[in-house]
Structure formats: structure tokens, C-alpha cells
Amino acid sequence: IAWSSLGNSVVSGSKDGSARLWQLQRQDGSSESNGRVLGCSTSSPAFPPERWSSLLLGSLPTDSSGPVHVVGAVAWSCDDAFIVVAKSDASIALWCGKSGTALRSLPASGDKLHGREIYSL
């Protein structure tokens with residue numbers, strides 16, 4: 001799990017191979033919300049569950065697609081413009097940090113991936 005630098009979005013990775021972008025909705029309620037804040041009571045004023053929405057990044061792996069490659073790391077770029085998702089097969093995907101749109105996918109390079117870090121240039 002990784003918080004955006006602005007603190008209004010979270011990206012999470014799962015052992016089922018999925019990644020999800022969680023975004024805090026505006027106070028005016030203009031956007032439908034279906035996300036949940038894990039480990040928070042529903043009475044928490046800072047993070048009420050009804051104000052979070054979530055977006056699946058990509059698609060869930062299917063049983064017929066072969067082995068499931070777990071999400072080993074997620075990270076934001078310093079300006080929150082990009083999300084990097086790294087899987088255990090060493091593949092990396094780049095997503096738009098605002099819309100959750102897929103931008104680029106880099107295929108596995110051989111060995112398993114165990115860690116990552118994003119540095120601004």
C-alpha cells in the first residue's frame with residue numbers, strides 16, 4: 001500500500017495479482033463511492049468509508065490465465081502523476097495517478113522482483 005503525496009489517494013496491491021486505486025471523494029458528494037477504509041471505524045471523521053471510491057487497475061487474473069503473479073510493490077511518483085505496480089514475475093506497469101488509466105507495461109525481465117523505489121530526475 002502507498003499513499004499519494006497529497007494524501008487523498010492510496011494504491012494497494014494484492015496477492016491475487018490485482019492493484020486498486022482508492023480515491024477520497026469531494027465533500028459535495030458529486031461522485032458515487034464504493035470503497036472502504038480498512039481498519040478504520042465508520043465513525044472516523046477524517047476517513048469516512050462512504051467518501052472513498054476504488055478503481056481496479058487492469059483486470060483480475062482468471063483461473064485459466066496460468067499462475068497468478070502477486071503484486072510485490074506499488075509506488076507513486078513524487079508529483080502523484082504516475083503509479084508503478086510491480087509483480088512477482090518482474091513485470092512492471094505504469095498507470096495514470098489521477099484516472100487509473102494504463103500508460104505502459106514492461107514485460108518480465110527474468111528474475112523475480114523483490115523491491116522497488118521511485119526517484120525523481
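**Briefing: two antiparallel sheets and a nonpolar core**

Strand E2 (residues 9–13) is joined to E3 by five bridges, and the two strands run antiparallel. This pairing belongs to a predicted model, in which one open sheet has the strand order E1-E2-E3-E4 and another has the order E5-E6-E7-E8. The largest nonpolar core of the model has 12 residues, and E3, E5, E6 and E7 are the elements that each give two or more of them.

**Sheet E1-E2-E3-E4**

- Four strands make up this open sheet, and their pairing is antiparallel.
- Strand E1 (2–3) and strand E4 (52–57) each have a single partner strand, so one side of each is left without a neighbour in the sheet.
- Within the pairing of E2 with E3, Ser 9 stands opposite Gln 23 of E3.

**Sheet E5-E6-E7-E8**

- This open sheet also consists of four strands with antiparallel pairing.
- Its edges are strand E5 (71–76) and strand E8 (102–106), each of which pairs on one side only.
- On average, neighbouring strands of this sheet are turned by 15 degrees against each other, direction ignored.
- Strand E7 (residues 92–96) pairs with E8 in the antiparallel sense through four bridges; Ile 92 has Leu 106 in E8 as its bridge partner.
- In general, the strands of a sheet pair through backbone hydrogen bonds, in either a parallel or an antiparallel manner.

**Strand E5 and its hairpin**

- E5 and strand E6 (residues 82–87) run antiparallel and are joined by five bridges, with Val 84 in E6 as the bridge partner of Ala 75.
- The two strands E5 and E6 form a hairpin in which five residues lie between them, and Asp 80 in the turn has a positive phi of about 65 degrees.
- E5 is mostly covered, as five of its six residues are buried.
- Beyond residues up to four places away in sequence, Val 71 touches Gly 13, Ser 14, Gly 17, Ser 18, Ala 19, Val 85, Ala 86 and Lys 87.

**Nonpolar core**

- The largest nonpolar core includes Ala 2, Val 11, Leu 57, Ile 83 and the two tryptophans Trp 76 and Trp 95.
- E5 provides the largest share of this core, with three residues.
- Strand E3 (19–24), E5, E6 and E7 each give two or more residues to this core.
- Val 71 and Val 85 both belong to this core, and Val 71 touches Val 85.
- In soluble globular proteins, nonpolar side chains tend to be buried together.

Methods. Residues are numbered from 1 along each chain as its sequence is written. This is a predicted model: local features need pLDDT of at least 70, side-chain atom pairs count only at pLDDT 80 or more; totals for chains, interfaces and linings use all residues. Side-chain values use heavy atoms; hydrogens and water are left out. Two strands pair if DSSP finds at least two bridges between them. Axes are lines fitted to C-alpha atoms, for helices over the stretch in contact, and angles run from 0 to 180 degrees between N-to-C directions. Buried means under 20% relative accessible area, exposed over 50%, partly exposed in between (1.4 Å probe, protein chains only). A nonpolar core is a set of buried Ala, Val, Leu, Ile, Met, Phe, Trp, Tyr and Cys residues joined through side-chain atoms within 4.5 Å. Contact means heavy atoms within 4.5 Å.
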